[in-house]
Amino acid sequence: LDLDNVSSLPMKEDEDGKETGGVDYAEDFFSKPAYLTVSGQLGAETHACALGDVYTFGPTFRAENSQTTRHLAEFNMVEPEMAFADLASAKAFARVSYRDAIKYLQEEIAKDPSKWQFPEVEFGTDLATEHERWLAETKFESCVFVYNYPKKIKAFYMRDNDEDGGETVNAMDLLVPGVGELVGGSQREERLDVLEKKMAELDLIPEDYWWYLDLRRFGSVPHAGYGLGFERLVCYVCGIENIREAIAFPRFPGNAEF
């Protein structure tokens, strides 16, 4: 059962009235497939390219089967987007490249791997909460920006770094004590040819992103932005350990009571 595509709409039929597979969206409210958003960022980029500095603040949805103390299926996200900007001026705390962060973690884990839930760490590893918190709470004892993440673990719209041939992207996460990742952001890929190539590598359908590509096709500017999970911010500021206590009606895998 494909829970992402459960529908009460009729199925497509051929001229003989036999079902051909797939849903007939002609009777759908939007007359096409529509989904809950994981971010308002792509839409915000259209406004930033026209107006300069903008932000969105609204509900965000993640179908991630996670029962940790810092994940929700629905939360609120603050997402600024800035034209004529890169990430250089946004990182005000301690900074460490992803490569160096991996090196520090490998050295620490080697002392006693049994203390770690995820002791296998190498270039390309998507950092777990325990890794993020160790960097912020123990290694740097402060908020810390980790930057230049591997391209293969980040989104298609993040700008490739020229200095390493595109192995990494100009992205950053802000890690804070007690929480781990609080902010995630990047400079956006404004070069049309590079963006189209990355989309092809990921089998993304260009027609689904025609308006996003048009932002580059008809003139764009360097721009960057980030997302800040509001409930995680509440946890950090108020010292709340479980994110489910930072929102009025928590929704997470297995629970949508309200």
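## Basis and confidence of the model

Helices (H or I, at least four residues) and strands (E, at least two) are DSSP runs numbered from the N terminus. This is a predicted model, in which local features need pLDDT of at least 70 and side-chain atom pairs count only at pLDDT 80 or more, whereas totals for chains, interfaces and linings use all residues. Residues are numbered from 1 along each chain as its sequence is written, and side-chain values use heavy atoms, leaving out hydrogens and water.

The chain has a mean pLDDT (the predictor's confidence in each residue, from 0 to 100) of 91, with 93% of its residues at 70 or more. Confidence reaches its highest mean, 98, in helix α2 (residues 98–111). Strand β1 (residues 11–13) has the lowest, with a mean of 69.

## Helix α5 and its partners

Helix α5 (residues 210–217) packs against helix α4 (residues 192–201) at an angle of about 155°, the axes lying 9 Å apart. Axes are lines fitted to C-alpha atoms, for helices over the stretch in contact, with angles from 0 to 180 degrees between N-to-C directions. The two helices, α4 and α5, are therefore roughly antiparallel (over 145 degrees; under 35 is roughly parallel, 65 to 115 roughly perpendicular, the rest oblique). From α4, Leu192, Leu195, Glu196 and Met199 meet Tyr212, Leu213, Arg216 and Arg217 of α5, a contact being heavy atoms within 4.5 Å.

Helix α1 (residues 41–51) also approaches α5: their axes come within 10 Å and cross at roughly 35°. Here Gln41, Leu42, Gly43, Glu45 and Thr46 of α1 meet Trp211, Tyr212, Leu215 and Arg216 of α5. Tyr212 and Arg216 thus belong to the contacts of α5 with α4 and with α1.

## The loop residue Arg191

Arg191 is located in the loop that joins β8 (180–187) to α4. Leaving aside residues up to four places away in sequence, Arg191 touches Arg159, Asp160, Asp162 and Arg216. Arg216 is also one of the α5 residues that meet α4. Although Arg191 and Ser220 are 29 residues apart along the chain, 8.4 Å separates their C-alpha atoms.

## Helices α2 and α3

The axes of α2 and helix α3 (residues 129–139) cross at roughly 85° and come within 11 Å. This makes α2 roughly perpendicular to α3. In α2, the residues Ala101, Tyr104, Leu105, Glu108 and Ile109 meet His131, Trp134, Leu135 and Lys139 of α3.

## Salt bridges

Across the whole structure, 17 salt bridges are found, each a side-chain nitrogen of Lys or Arg within 4 Å of a carboxyl oxygen of Asp or Glu. In one salt bridge, the side chains of Lys111 and Glu108 meet at 3.1 Å, N to O. Lys111 and Glu108 are separated by about one helical turn because they stand 3 residues apart in helix α2. Glu108 is, in addition, among the α2 residues that meet α3.
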